[in-house]
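Reader: I'd love a close look at one strand residue and its surroundings, and then a walk outward to the rest of the chain. Could you take me through it at an easy pace?

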Amino acid sequence: MKSKNKTTDQFLKEIQFLKDKIAKLEKPLIKYEWNKENLDANEEQSSNIVEGLFIGVAVHVNNKIVYANPAIVNMFGYNSEKDFLGKNVLEFVHPDDHKKVEDAITASFMNSEIPGNQTSTIIEERLLKNNGDELIVEASSIRINYYGETALMVMLNNITERKKVETALRKNEARLSTLISNLPGMAYLCKNDEQWTMIYINETCEQLTGYKSDQIIGNREVSFNKLIHPDDREFVKQRIQMASTAKEHFELEYRIISASGEEKWVWERGIHNKSGMDGEDLIEGVMHDITERKKAEAELSESEERYRLLFENAPMGIVSINSKGQVIEINPILLQLLGSPSTEASKRIQVLNFPPLVKSGISAAIKRCFKTAKPVSGETPYISMWEKSIHVYYRVTPNFMDKGKVISIQLLIEDITTRKLAEKKAHEKSVELEKQIKKSEEQRIATLSLLADLNETTKELKLEIKERKQVDKSLRISEEHFKLTFRTSPDAFSISRLEDGIILDINEGFSDITGYKRNEIIGKPPGEVSVWADLRDRKRFIAELNKNGQVKNMEFKFRLKDGSIIHGLISTRPISIGGIPHLLNIAKSIEDIKQAEYEIIKSRNAAEQYLNISAEIILKLDTFGNVTMLNESGLKLLGYDQGKLLGKNWFKTCLPKDVQKETMTVFTQLINDKVKGVSYHENQVVTKNGTSKIIRWHNTLLKDDMGIVTGILSSGEDITEQKKVEKALQQSEKQLRQLTKYMDSKYEDEKKRIAKEIHDGLGQLLTGLQMDLQWIAKKWPRESAVLKNKFVSMNNIIDTSVREVQKLSFQLRPKMLDELGLLETIRSEVNRFEERSGIICIISVKPDEFELEYNRSVTIYRVLMELLTNIYRHANASKVEVMLEMKEKCCTFTIRDNGVGISQEQIDGETSFGLISINERVNVWNGNVYIYGKPDIGTTVSVTIPF
């Protein structure tokens, strides 16, 4: 019994050693309070303890299992201990792990001879169950003395399920990493500090900023705050901090400066997470490049403004009409022609049934244009609703078309009553002159009649002077209106001298807002009384003023008289008072629109947050085109609820039938990896309610660990409105060019007509007058020297008048351009310029002779005259080169001088009307104008007009 009790003690020590190992691994499967003094030292009790463990325990003697507890029997799928005993432990080991297990067993046998102090290395190995299934365990083995024999005790902890969870977790992490890396725009996680210190940025960072992510993360080479445009940093900071307590997403647009120095516009949407990781204050969100959209909006705005100015100030009436005969827009001139009191009143007119338009036949022309989609023009008498009778020229042009059908037209109406009366009067005078020539006895009466006409002309000139005085009076009234607005406006108006910044005048609104009285601020230098609360705002204001010549709605902080600070907007534009530059400043308080602090909603799942806050559609398709994921923006755009599209075929469900085939072709090419890199594609989608949208897709292949394509991740941007903007921009530019071309043609025709009337009409009259004077001189007594001198003087006056008439006629319309063509006219004009100015002129033409279409010739002639005028007035040049070259499909006209050289500011100046006129004339022919100046070297202007 003594030897048997000793063996039991050793066995108890081995069990205690096993418990210590399990406790150190922090994976206890059962908790026991093991107290050797409280156990009976006998074999039966120790055996019961081992059999109650959840871990598998087996004793291996001479390559056979001699003991196994129930846990290990169940682990391997056996029904009883009897079926398990007698087997070799290595029989259950996976073939790939045999070597590793054998080495572990050898190491166990080589440990210390004292069983209680023996140690065992825990290894992870794969075993095979009774039915062949794989089992993953944590195994350890120790050498023991089992009933007097050297034995190996094996302990197994089943970790199969834990390994499955770990594998699934790694796959999910890989998929999450792929999803975030392929998100459109720049996804980020950063600290809420002064530098916006980045913790994470996805790979799209380099495409947007020009910097790699590891250059920005942790502010290693550059902080994200440095990338924000200096003028926008404070705005970005305020907007995000203002949103910090509202528990809402923030959205803002601002500028950044990329690594190459390029200025870009970005749209950002994010949330604030005050808990963060380890208690940090964090911001997470996404950014998208919207530079192209901003450029398109700016171009559209500029085009619309140019069209609006031309529309409002055109010398003829213009109105746009829809297919129902309703007025869309109308300019002031046409309001006067129609006799309508206001634009709103005109919009209530049914044009197709408006009596004056029906009687004049213009309504019928409008209907014909809608029907045929072709322009209609003509001249007709017109009697307004107020019985005012005039003669008009009209032109109806298709404006907007949809699927071949005209949906709106543009009507131009020009009052040509004066011209008609002048034509009638000229005709009558011509008939009268013929009669006078036939009747010699009435020559003296005819002479007196001509003198009466000259007196009438003088009266007309006096009338024009009177009208100009009335204009001056209207201008003074306008100035009084300005003064009234200045005094009574609730906004803060002030006028300051540009040279030293001293305020010369303020209104009551300035005093009401700031608290300063007039005598406290007028005449004081800026250093003595300043409303700028932040000098950085003042520097920003001065920089904007120097750059653009004016300031529009710049946000700033200003200090009131009582010391309090409020937010406001300031606008400034230059004005001239007595020939001295001043500034008109208008400031308004926006304190009431400033929000209190916001608190950002917490988020745990970064990937889901990026998807939900993104304004883009995030779509994931499998290789069959079925939807496996769609974010909230996509669901909202398409009008579906969460989960309604999952598993459905994207192309059959959400695409119009006419684009399904084309889009499936693109999808197949992507899936088959025939399109390398990132692919962009645009196509229509159909929402749940049948609305059509245009989406620009950014597609990325998704692959598993083996490189096999598993689907496509696509980000989509709704560009429906952008397409409309682009279409409207194109239509606006086309419309502007058509109107400019038409107006130029009308101006040229009118100049030609006036020049002809002056040359043929007034020239003939003066010639006839000279003949009559000579006839009278012959009939008058020759003895009178006084009368003879008077006749000579009158004859000289008539000669001078004839030359002036010829000069005026030539300036309006050089007859040479009609008779001899462009080349001879240019040579003649350049020679005349050289004679008048003393500037040396060199002409080069290639080839020596060629012909050019008449209207394009007029454009080149007008451009030449404008450029020569600019050179004479501004260039201070001594030499000019004029080159005209005809190529296969275009005509190039270049003029170069050696003067002071035009600056870029002059080229881009808003008041450079000559250059603006040149550009507009050339744009009508889809041509190009290139202007380059270098100080003290000269200026080169090159014009290209295609055929």
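Author: Happy to! Leaving aside its neighbours within four places in sequence, G56 is in contact with N69, A71, I72, M75, V154, M155 and L156. Keep in mind that this is a predicted model. G56 itself lies in strand β1, which covers residues 56–61. One of its partners, M155, is 99 residues away along the chain, yet the C-alpha atoms of G56 and M155 are separated by 5.6 Å. Is G56 buried or exposed? The relative accessible area of G56 is 0%, so the residue is buried, the cut-off for that label being under 20%.

Let's set a second strand residue beside it. T892 has its place in strand β28, residues 890–897. With 14% relative accessibility, T892 falls under the 20% limit and therefore counts as buried. Apart from neighbours within four places in sequence, T892 is in contact with M883, L884 and E885, and also with S942, V943 and T944.

Now for a helix. In α10, which spans residues 233–242, the buried residues are V236, Q238, I240 and M242. These buried residues pack against three strands: β8 (250–257), β10 and β18 (551–559).

Strand β10 leads us on to the surface. This strand covers residues 282–289, and D289 lies in it. D289 has a relative accessibility of 43%, so it counts as partly exposed, a label for values between 20% and 50%. D289 also belongs to a surface patch of negative charge, where it gathers with E262, E292, E299 and E302. Which element gives the largest share of that patch? Helix α11, residues 291–313, does, with three residues. So β10 has a part in two of our stops: the buried residues of α10 pack against it, and D289 of the negative patch lies in it.

Finally, let's step back to the whole chain. The protein chain has 31 helices and 30 strands. Of its 947 residues, 42% count as buried, and G56 and T892 each carry that label. Among contacts between residues at least 6 apart in sequence, 51% join residues at least 24 apart. The pair we began with, G56 and M155, is in contact and sits 99 residues apart along the chain. As for the outside, the accessible surface of the protein chain comes to about 54800 Å², and 52% of that belongs to carbon and sulfur atoms.

Methods. Residues are numbered from 1 along each chain as its sequence is written. This is a predicted model: local features need pLDDT of at least 70, side-chain atom pairs count only at pLDDT 80 or more; totals for chains, interfaces and linings use all residues. Side-chain values use heavy atoms; hydrogens and water are left out. Patches are made of residues with over 30% relative accessible area and no salt bridge: like charges are joined within 9 Å, nonpolar side chains (Val, Leu, Ile, Met, Phe, Trp, Tyr) within 5 Å. Accessible areas come from the Shrake-Rupley method with a 1.4 Å probe; for residues, only the protein chains shown count as cover. A salt bridge is a side-chain nitrogen of Lys or Arg within 4 Å of a carboxyl oxygen of Asp or Glu. Lys and Arg count as positive and Asp and Glu as negative; His and the chain ends are not counted. The place of a charge is taken as NZ of Lys, CZ of Arg, CG of Asp or CD of Glu. Helices (H or I, at least four residues) and strands (E, at least two) are DSSP runs, numbered from the N terminus. Buried means under 20% relative accessible area, exposed over 50%, partly exposed in between (1.4 Å probe, protein chains only). Contact means heavy atoms within 4.5 Å.
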